Amino acid sequence: MAAAISLRSYLLVSALDKSPRNITLVFPDIGMEHCWNIDHLPWSAFSHPSKKKYYYDLVDKLDPDLVEAMQPHLVNVSPKASPVDKKLHQNAASAFLYLFLSLGSENFSGCIYTLRSTIPIGAGLGSSASICVCLSSAILLQLRTLSGPHPDQPADEAELQIERINRWAFVGEMCIHGNPSGVDNTVATGGKAVVFKRGDYRSPPTVTPVRDFPELPLLLVNTRQSRSTATEVAKVAALKKAHAAIVEPILEAIDKITESAYDLVTSSASDPKVSDSVPMFGDLMQINHGLLAALGVSHPKLERIRELIDSMDLGWAKLTGAGGGGSAIALLNSNASPSNLQSLQSKFVEEGFEKYETTLGGEGVGVLWPAVLHNDLEDKGSEQIDQAAFLNAKGVEGIEKLVGVGVGASEKREGWKFWSNAGPHVNKERAQKPISG
């Protein structure tokens, strides 16, 4: 089971005049900016009849010929950056270009795609999936291949839009990770929570939405310990191959925990927001972490976070993502001591951890239209959220205050609409549209 958190990525699409015919990807939170001339991109490769894909297609693997055709347009992305940053920037550029070339056309007008993220990058929290959801949504909206969200949109039609966005977000994830599970982009697109099972990559995964998943307050703690999802996955695969009789029951037990959590959340007699249910949910988190640690995917810093929370009797914590570093999440006791919480914060700062207050089970992808600020003084009218304001927003609080979604905002900015609960039509051309995933 995976659930959306209230931290988000945001994309502002700013249309340019007909000249110059450039597309620019700007991602200040990782120090990236790169521009491509639309006419110089490898359209002939992507539009060849044997290669061409359409917005309604299911793409379950990258085409190696198309990946190769993109390489000359990636090598000059951030050439002076460190090897780590250069790889990060080129991965983002690869996902963007593959989606743009697969879905777009040579007739596209120039645009600036500006990304901001309140999700820690590389911390096991699905930041790349969130970014890919934003890119997928934006390009599909520009193509006018998405309907809604609007008040009268039927549920099945809204689900079709979510699925369309999700399919192409997964393509972006493949550009970044190679062989992703698909769970991160699925929950980032649809929001709330899902029970996700993928048997093989030749058919779509089995996804059971959990629409009644309650919004639970969480602490999210970034260890700032770098890790590789591929390395952790390979570690478990090797362990399973060497000790199948032991590892397979552990994996089955993890599956049973997922089923138990699903039963707890969906039971009409049990509400995880009710005090009696919180400890049950917390117990499942702790058992899950113990099993993951047995598979070798924990880390001393993750164990230290759990030790601090346990020693102060504040709640339950577990690793999230692939493990090996990254982040931990903690569900707090309803009667957690304020003084202990303050002591915990001090310990986190002292030991180099980064804490975020967030909620679990929020909305998925949405669109802000019109992209305006409604000032407190009526005579000042409304002010457009332009690229300068978007770029100048400082940190998590600044971004959330500007766009009006997230725990840092007093309320959602008027105009945000989500496919999961419908909203007004958003197909507008040559305008600026913040998109959130």
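The following questions and answers concern a predicted model of a protein, its confidence, its overall make-up, and the surroundings of E173 and helix α6.

Reader: Which of the elements has the lowest mean pLDDT in this predicted model?
Author: Over the protein as a whole, the mean pLDDT is 86, and 87% of the residues reach 70 or more. Among the elements, helix α2 (residues 64-70) has the highest mean, 97. The lowest mean, 61, belongs to strand β16 (residues 433-436).

Reader: For the stretch 422-433, over which pLDDT stays under 50, how many contacts does the model have beyond four places in sequence?
Author: Two stretches with pLDDT under 50 can be set side by side: residues 375-380, for which the model has three contacts beyond four places in sequence, and residues 422-433. For residues 422-433, the number of such contacts is 54.

Reader: What share of the contacts with a separation of 6 or more comes from residues 24 or more positions apart?
Author: The secondary structure comes to 13 helices and 16 strands, and 51% of the 437 residues count as buried. Among contacts with a separation of 6 or more, the share from residues 24 or more positions apart is 73%.

Reader: How far from E173 is the nearest side chain of opposite charge?
Author: E173 is found in helix α5 (residues 155-177), where E173 is buried yet has no salt bridge. Since a salt bridge requires a side-chain nitrogen of Lys or Arg within 4 Å of a carboxyl oxygen, the distance to the nearest side chain of opposite charge is the value to examine. That side chain is R227, and the distance is 9.6 Å.

Reader: Which residue has its backbone nitrogen 3.3 Å from a polar atom of the side chain of E173?
Author: Leaving aside residues up to four places away in sequence, E173 touches S128, A129, C132, G178, P180, D184 and N185. One of these residues, which E173 touches, has its backbone nitrogen 3.3 Å from a polar atom of the E173 side chain, and that residue is A129.

Reader: Why is helix α6 described as largely enclosed by the rest of the structure?
Author: The buried residues of α6 are V183, N185, T186, V187, A188, T189 and G190, and what covers them includes β1 (2-3), α4 (127-142), α5, β6 (193-197) and β7 (206-210). Helix α6 (residues 183-190) is therefore largely enclosed because the buried residues number seven of the eight.

Reader: Which residue with a positive phi follows α6?
Author: Within α6, G190 is among the buried residues. The helix is followed by a residue whose phi is positive, near 75°, and this residue is G191.

Notes: Residues numbered from 1 in each chain as written. Predicted model: local features only at pLDDT ≥ 70, side-chain atom pairs only at ≥ 80, totals over all residues. Heavy atoms only, no water. pLDDT = per-residue confidence, 0-100. Helix = DSSP H or I, 4+ residues; strand = E, 2+ residues; numbered from the N terminus. Contact = heavy atoms within 4.5 Å. Buried < 20%, exposed > 50% of the residue type's maximum accessible area, 1.4 Å probe, protein only. Lys, Arg positive; Asp, Glu negative; His and termini not counted. Polar contact = N/O pair within 3.5 Å; in protein donor to acceptor, adjacent residues only side chain to side chain.
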